[in-house]
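Here are my notes on the model you sent, set out as numbered points. Please read them with the structure open beside you.

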Amino acid sequence: MNYFHFPLEEWTNIFVTNWLLPVMGGFFNQISVVLDSFITSMTDLLIAIPPEVITIILILLSWKLAGKGIALFTLIGCLYLGSVNLWDGAMQTIAVVIVSTFMSVVVGVPMGILSATNPMINKIVRPILDFMQTLPSFVYLIPAILLFGLGGVPAVISTFVFATPPAVRMTTLGIQQVPEDVVEASRAFGSTPSQLLFKVQLPLAVPTVMAGINQTIMLALSMAVIASMIGAPGLGSTVLSGISTVNVGLGLTGGLGIVVLAIILDRITQGLGRNAS
């Protein structure tokens, strides 16, 4: 099938070397400075708060939103993170997840609303989301390193690209699943398009939107180990150290820490979705 040569590699490298970096380098540096300040502030805040206070807050949230069993698991999980000296790493991971999830929701939910209300935008957005979800996550790391260097900023950018599609898709699905008779009744009573969206469609779509945010958080956590390869701090770096030194115990310790965070965040966000419904 080698009928002709498609020089994608050469074209991409020429584009990056001759235009992207010389022309847009300053812009990406500004983004890097702003994001770094957000990540550092969030990390410092989480580490400054006594672990006991964060544990109590998580237990209360788990109890209210997910029940006594998850509250007990939260207590045991927090005790585990402290006992294996991974509390600071867990807070660093949560800081990256919070910043990247915030960016994904801020971009993804409005994009989902536009896709649900405008068929043309939906046709444009869907292949972009397919591209973002099917492109191997390691491929994100190359431009992230090139444009933003090493550390937490490229990790947040990579996680944002990887975790945004569920927020867009679930928001679109939630609005499209609003019963047509409800929409027609709202129009019959004289609702404007904005009233229909903000007072009927979005309130009914909240449980589906929350499910999308839950998936966004889970995907952000799943990038923790991969992002550690480009210098992202947190539990992923512990797992990476275990891999590089063939230390099974260290890898298991860090991996269990990620599992603990994933279960706690998953149950809390699921509870938020149930309460919203």
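**Notes on the predicted model**

1. The side chains of Arg-169 and Asp-130 come together in a salt bridge, with an N to O distance of 2.5 Å. Because Arg-169 belongs to helix 7 (residues 152-176) and Asp-130 to helix 5 (residues 119-134), the pair ties together parts that are 39 residues apart in sequence. Arg-169 is partly exposed, at a relative accessible area of 27%, and Asp-130 is likewise classed as partly exposed, at 39% relative accessibility. Please keep in mind throughout that this is a predicted model.

2. How many salt bridges does a search of the whole structure find? The search returns 3, and the two not yet described are taken up in the next points.

3. One of them joins the side chains of Glu-184 and Arg-187, at 3.4 Å from N to O. These two residues are 3 apart within helix 8 (residues 180-188), so about one helical turn separates Glu-184 from Arg-187. As a general matter, an α-helix has 3.6 residues a turn, so residues three or four places apart point the same way. Both partners count as partly exposed, Glu-184 at 42% relative accessibility and Arg-187 at 46%.

4. In the remaining pair, Arg-267 forms a salt bridge with Asp-266, and the closest N and O atoms are 2.4 Å apart. Is each partner buried or partly exposed? Arg-267 counts as partly exposed, at 31% relative accessibility, whereas Asp-266 is buried, with a relative accessible area of 10%.

5. Helix 1 (8-48) deserves a separate comment on its geometry. Although helix 1 has 41 residues, its end C-alpha atoms are only 48 Å apart, which falls short of the 60 Å that a straight helix would reach at 1.5 Å a residue. A bend of about 60° is found in helix 1 at Gly-25, and Gly-25 is also among the buried residues of this helix.

6. The buried residues of helix 1 are, besides Gly-25, Val-16, Leu-20, Phe-28, Ser-32, Leu-35, Ile-39, Thr-43 and Leu-46. Which helices help to cover them? The cover includes helix 2 (51-66), helix 4 (87-117), helix 6 (137-148) and helix 7.

7. On the surface, a nonpolar patch is formed by Met-1, Tyr-3, Phe-4, Phe-6, Leu-8 and Trp-11, which together present about 880 Å² of accessible area. Of these residues, Phe-6 is located in the segment before helix 1.

8. Leu-197 lies in helix 9 (residues 193-227) and is buried, with a relative accessible area of 11%. When neighbours within four places in sequence are left aside, Leu-197 is in contact with Ile-113, Ile-175, Leu-202 and Pro-203. Between Leu-197 and Tyr-3, a member of the nonpolar patch, there are 194 residues of sequence separation and a C-alpha to C-alpha distance of 52 Å.

9. Thr-101, whose place is in helix 4, is buried as well, with a relative accessible area of 9%. What does Thr-101 touch, not counting residues up to four places away in sequence? Its contacts are Thr-216, Ile-217 and Ala-220. Helix 4 is also included in what covers the buried residues of helix 1.

Methods. Residues are numbered from 1 along each chain as its sequence is written. This is a predicted model: local features need pLDDT of at least 70, side-chain atom pairs count only at pLDDT 80 or more; totals for chains, interfaces and linings use all residues. Side-chain values use heavy atoms; hydrogens and water are left out. Patches are made of residues with over 30% relative accessible area and no salt bridge: like charges are joined within 9 Å, nonpolar side chains (Val, Leu, Ile, Met, Phe, Trp, Tyr) within 5 Å. Accessible areas come from the Shrake-Rupley method with a 1.4 Å probe; for residues, only the protein chains shown count as cover. A salt bridge is a side-chain nitrogen of Lys or Arg within 4 Å of a carboxyl oxygen of Asp or Glu. Helices (H or I, at least four residues) and strands (E, at least two) are DSSP runs, numbered from the N terminus. Buried means under 20% relative accessible area, exposed over 50%, partly exposed in between (1.4 Å probe, protein chains only). The expected span of a helix is 1.5 Å times one less than its number of residues. The bend at a residue is the angle between axes fitted to the seven residues ending there and the seven starting there. Contact means heavy atoms within 4.5 Å.
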